[in-house]
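This briefing goes through the structure shown below, topic by topic. The notes cover a helix and its surface, buried helix faces, a buried strand residue and the salt bridges.

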Amino acid sequence: ARRVADNDDVIEVQSGSRQEGFRLEGSDYDYMYWLNNHRVIFDMSQSEHYYTEDKTLILSDSSESPPGFTLLELLTTNREVQSACVPMNDRLYISSSLFRQQTQTHQFPGSIVHGPCESGKLPGGIEYDLAWCFACDFWPLSVSYWTNRCHSWPDREDVSEIVRNGCHFVPIGHPLGLYEQEEWRISFSLAEHKLVHSMNHCQFLTYGLLKIFLKEVIDKQSEE
């Protein structure tokens, strides 16, 4: 990750195929951005880890959402995201659709909304995805079982680092959820990046072949 604002307010991370080390045809540039002074928590006890004067806290509420999705309740008054909030049950929730609209930069001509991202093509045909999200320093309880599935790979040190780095929330709801326009999807992009870089050579080549198969066979058949 690297900071892209002089006051360290915004964090930028590159992910995607190129960051993983692939130079395949159609490999894209994926960038995630988040406000460094905003943090998502899963329960109120986790707020004790922060000085609330310095951080805007957001509470994840997945009680009525499909697995992997959640509502985000704004706990602290904050003008940066308050305009993207909608009232529900006397609480303020950050709408993923409004947030996505408000964070579109249109820095490249012809960009479109693609899932949680602003997408398009650079000169030369290279594709890009830009996604604004929220960071969380904690590992979701709903996937705590994952750490117990890791035996020979990845090693315990990598697992511990992945869990310690938490997760992110990207602005897209489940199409069958009760609150599609308000819901957010839990993202494990940084965990995926760490896993790719912990692969041995054989694993990495196999992963690359699977990516080609997905793009050149499965995706093309779906389009047709």
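T206 is partly exposed, with a relative accessible area of 39%. This residue of the predicted model lies in helix α7, and its side chain reaches the backbone oxygen of C202 at 2.9 Å.

**Helix α7 and its surface**

- Helix α7 spans residues 201-223 and also contains L214.
- L214 has a relative accessible area of 43%, so it ranks as partly exposed.
- Together with F213 and I218, L214 forms a nonpolar patch on the surface. The accessible area of these three residues together is about 270 Å².

**The chain as a whole**

- The chain has 13 strands and 7 helices.
- Of its 224 residues, 43% count as buried.
- The accessible surface of the chain is about 13100 Å², and carbon and sulfur atoms account for 51% of that surface.
- Taking contacts between residues at least 6 apart in sequence, 51% join residues at least 24 apart.

**Buried faces of α3 and α6**

- In α3 (residues 96-103), the buried residues are S96, S97, F99 and R100. They fall within an arc of 165 degrees when seen down the helix axis, so they line one face of α3.
- The buried residues of α3 pack against α2 (79-82) and against four strands: β8 (91-94), β9 (112-114), β11 (127-136) and β13 (184-187).
- In α6 (residues 189-196), A191, L195 and V196 are buried. Their arc, viewed down the axis of α6, is 135 degrees, so these residues also line one face of their helix.
- An α-helix has 3.6 residues a turn, so residues three or four places apart point the same way.

**H168 in strand β12**

- H168 is found in β12, which covers residues 167-170.
- H168 counts as buried because its relative accessibility is 4%, and the cut-off for buried is under 20%.
- Leaving aside residues up to four places away in sequence, H168 touches M32, W34, C133, F134, A135, R185, I186, S187 and L190.

**Salt bridges**

- The structure holds 5 salt bridges. Side chains of opposite charge can pair when their charged atoms come close.
- One of the salt bridges joins the side chains of R39 and D137, at 3.0 Å from N to O. R39 is in strand β4 (residues 38-41) and D137 is in the loop between β11 and α4 (146-149), so the pair ties together parts 98 residues apart in sequence.
- R39 is buried, with a relative accessible area of 9%, whereas D137 is partly exposed at 32%.
- K194 forms a salt bridge with D158, with the closest N and O atoms 3.5 Å apart. This pair links distant parts of the chain, since K194 belongs to helix α6 and D158 to helix α5 (residues 156-164), 36 residues apart.
- The side chain of K194 also meets that of E161 in a salt bridge, at 3.1 Å from N to O. E161 lies in α5 and K194 in α6, so this pair ties together parts that are 33 residues apart in sequence.
- Salt bridges that share partners join D158, E161 and K194 into one network.
- Within this network, D158 counts as buried at 12% relative accessibility. K194 is partly exposed, with a relative accessible area of 24%, and E161 is partly exposed at 26%.

How values were computed
Residues numbered from 1 in each chain as written. Predicted model: local features only at pLDDT ≥ 70, side-chain atom pairs only at ≥ 80, totals over all residues. Heavy atoms only, no water. Patch = residues over 30% accessible without salt bridge, like charges linked within 9 Å, V, L, I, M, F, W, Y side chains within 5 Å. Areas by Shrake-Rupley, 256 points an atom, 1.4 Å probe, with all protein chains shown as cover. Salt bridge = Lys/Arg side-chain N within 4 Å of Asp/Glu carboxyl O. Helix = DSSP H or I, 4+ residues; strand = E, 2+ residues; numbered from the N terminus. Buried < 20%, exposed > 50% of the residue type's maximum accessible area, 1.4 Å probe, protein only. Arc of directions from axis to C-beta. Contact = heavy atoms within 4.5 Å. Polar contact = N/O pair within 3.5 Å; in protein donor to acceptor, adjacent residues only side chain to side chain.
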